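Biologist: Please take a close look at the largest nonpolar core. What is at its centre of contacts, and what surrounds it?

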Amino acid sequence: MSTVSRAADRIESVPFLTRDDASLLLVLPGLFVFSAFMLFPVLYLLGISFTNAEPANLFAGEGIVAVLTFGDALFVGLENYADVLTDGQFWNSFGVTWLFVATSVTLKIGASLAIALIVTSDLVRGKRVLRSLIIFPMGLPPIFTITVWRGIFSSAEFGLMNQLLTAFGVSSVAWLSGRWTAFVAYNVTEAWLAYPFMVIITVSALQDVPEELHEAAVVDGAGFLARFAHITLPSIKRPVLFASILTSAASFQQFLIPFVFNQGGPARANELIVVYGYREALSFQQYGRGAAISIIALVFIGAFMWLNVKKGKLADGVND
Amino acid sequence: MLLGAIARKLSDDIKTFATMPVRTVRKWSYTVQAVRRGELPASEVLKVILSTIGATLVVLALLFPIYWILMAALSGSGSSLYTSESFSLFPSNPTVKPFIWVIGDLVVPSYSISAAIPFTDLAFVFQTPGIEILDASDYGVDRPSEFKRFLWNSLMVAIPTVLIAMSLIVPAAYALSRREFLFRRKVLFLYVLMTQVGGGLGVALLIGMYALYVQFGINDSKLALAVYYAATAVPFNTWLLKTYMDGIPVSYEEAAVVDGAPPWRVVTEVIIPMSTAGLATVFIFVFLTGWTEFVVAQTLLGTENYTLPVGLYAMVDEYSIPWARFSAFALTFASPIMLAYLFAQRYIEGGLSFSGMEG
């Protein structure tokens, strides 16, 4: 603190700064580390996307100079972008990604709202225990749960989902070998992975809904659905909206599920955009192309987040 | 002080948990009596019982995959998930063999300590006895897993991650919550924007990062990985802790200042103790980042430095997964986190309530 206050004294002598501005010093280290490890790779990625980089030429040479010149990779201008944007594979991946965002977010919000309503219902006893059980999956490493879900959707006769289907008299499905069945499997898994986070936020929002409102509505003879639509939903709208935005960003960037399930298959049909970029670069050694795809994905996710923060007034917390 | 508070809360939790059956039975008998006396309509009670059962069933269904995998671990290597046996709720002959395979030998090796007395030829040599806690071969496990090596690697990543991240996050969150300074809005806006992007876009950045790390020759370094994890954890957790601190009434600090406390004491005696829940949440989130991240670790680290998640996935083959061992490995790996989660749950719920978010 003393360093900070000494710096504060010095800063005060600069005319347009106030003493409180020294607090910026407390924020700078985090900002610096974050920029060094997130923003600098973005710039480097952007650089690679304008070259014909592949492992052979990119890693030629050593030291700072080689970093700055991208090894022996050659500048090819916008060739990678033109290539990618005229490739049907890219547009397929792009479409599947947005479709995945739409379906999985709907599923996640629906399921989490239902679960949250169940574990906050006045008719249910032992809510605390149920709630601690329900967020259990959050503590499990994603790579583990996703592999387990791969086993559940195993195309073999004996995957859990197929056993369930046979129990209901439906013939078993080769989940991960069909395009749309695999897509359904992705959605279910994503919903299961995300529900603890969504439920925690929804539950704490539900608990903040004033009890008197409900009581008054009951006196006025409002049924469960009317109360849900006119009291519960408006009160929890903002936190749930916020959680939905975070979770849709997570869906857009989903990597592990397609990667672990079937590498975005069958036949690259379900490669979500991040998987697509990753595979182009690290499986097919087309670093320049992969970088271009990643940059396009970054632009979209950046625009999406920016719009949400602006439109959803998420930064309102910033202004108080 | 902070630890003491946590320990007290924990012992409260345990007490509450232990006395729960007694209290439940007491409540039930009270309800039964009320129904008998006619104070409470039986239909109301029935409704409560039915919805409780319904809710419990929903929760159990949600947790079923975890139960399923636990059963797979306990049923041993004999029945993999792909055998023709259909699923049964309990394994027919439970075994802990997969868990023994994971843990392997637990041996404290014997060390010899020699102490020479200066200026003489005398020297003492102590031989500490080797302690054998668990010998895997006793249970018919010949080649135990490399769990301990992965565990060591994971700790060497997760501990620096937590230390670095906390030292970056806590001061920043305090400043953002309590001070008004140049670029404050800009920084907060950036952090809110980056909240979710932090972890996820790591994959999109991976190509650039991988190339950079290889160029600088730090692609196989656990410390470099830890710094990276800490960096990705900064925006979301700073913002989370900041919103939590916003919920602490300023009047406490004013009281401390009136009593003549210097600024640093206001922080250590008021802000830190009062944001225990937020700190615990952030601590767990940051720890989990380092403990469970897979993609970046797998891309950057060499076989020698594999962390637990990477080691776990290395067991997965394209066509077959040794389910018993896989799940035993994963459950051993996840159990400390799950325990911490159960106990820290109230903190996490409190810390995640977005108290500053309500509009």
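**The core and its surroundings**

Modeller: Within the largest nonpolar core, which has 174 residues, B:L206 and B:A230 touch the most other members. Such a core is a set of buried Ala, Val, Leu, Ile, Met, Phe, Trp, Tyr and Cys residues joined through C-beta atoms within 7 Å; buried means 20 or more other C-beta atoms within 10 Å, exposed 12 or fewer, and partly exposed in between, with C-beta atoms placed from the backbone. The model is predicted: local features need pLDDT of at least 70 and side-chain atom pairs count only at pLDDT 80 or more, whereas totals for chains, interfaces and linings use all residues. Residues are numbered from 1 along each chain as its sequence is written, and chains are lettered from A and ligands numbered from 1 in the order in which they are written.

The largest share of this core, 15 residues, is supplied by helix α10 (residues 179-207) of chain A. (Helices, H or I over at least four residues, and strands, E over at least two, are DSSP runs numbered from the N terminus.) Once neighbours within four places in sequence are set aside, B:L206 is in contact with A:Y278, B:V295, B:V296 and B:T299; contact here means C-beta atoms, placed from the backbone, within 7 Å. One of the partners of B:L206, A:Y278, thus belongs to chain A.

The two chains also meet on a broader scale: 91 residues of chain A are in contact with 91 residues of chain B. On the side of chain A that touches chain B, helix α2 (residues 24-49) of chain A gives the most, with 16 residues. By class, that side of chain A has 68 nonpolar, 16 polar and seven charged residues. In this scheme Ala, Val, Leu, Ile, Met, Phe, Trp, Tyr, Cys and Pro are nonpolar, Asp, Glu, Lys and Arg are charged, and the others, Gly among them, are polar.

B:T292 offers a second view of the meeting of the chains. This threonine lies in helix α12 (residues 276-292) of chain B. B:T292 counts as buried because 23 C-beta neighbours fall inside 10 Å. Leaving aside neighbours within four places in sequence, B:T292 is in contact with A:P141, A:P142 and B:P309. B:T292 and B:F333 are 41 residues apart in sequence, yet their C-alpha atoms are 9.5 Å apart in space.

Three residues of chain A can be set beside it. A:Q253 lies in the loop between α12 (224-252) and α13 (256-262) of chain A. With 24 other C-beta atoms within 10 Å, A:Q253 is buried. The C-alpha atoms of A:Q253 and A:G290 are separated by 15 Å, at 37 residues apart along the chain. A:Q285 occupies the loop between α14 (273-283) and α15 (287-311) of chain A, and its phi is positive, about 60°, although A:Q285 is not a glycine. A:Q285 is partly exposed, as 14 other C-beta atoms lie within 10 Å. A:L85, in helix α5 (residues 79-85) of chain A, counts as partly exposed with 14 C-beta neighbours inside 10 Å. A:L85 and A:Q286 are 201 residues apart in sequence and 15 Å apart in space, C-alpha to C-alpha.

As to the chains as wholes, chain A comes to 16 helices and zero strands, and buried residues make up 44% of its 320 residues. Of the contacts in chain A with a separation of 6 or more, 60% are between residues 24 or more positions apart. Chain B comes to 15 helices and four strands, and 37% of its 359 residues count as buried. In chain B, 74% of the contacts between residues at least 6 apart in sequence join residues at least 24 apart.

Some individual spans may also be described. Residues 183-207 of chain A are 100% helix and 0% strand, with the end C-alpha atoms 35 Å apart. For residues 132-152 of chain A, the span is 67% helix and 0% strand, and the end C-alpha atoms lie 24 Å apart. In chain B, residues 45-70 are 100% helix and 0% strand, their end C-alpha atoms being 35 Å apart. Residues 150-176 of chain B are likewise 100% helix and 0% strand, with an end-to-end C-alpha distance of 38 Å.
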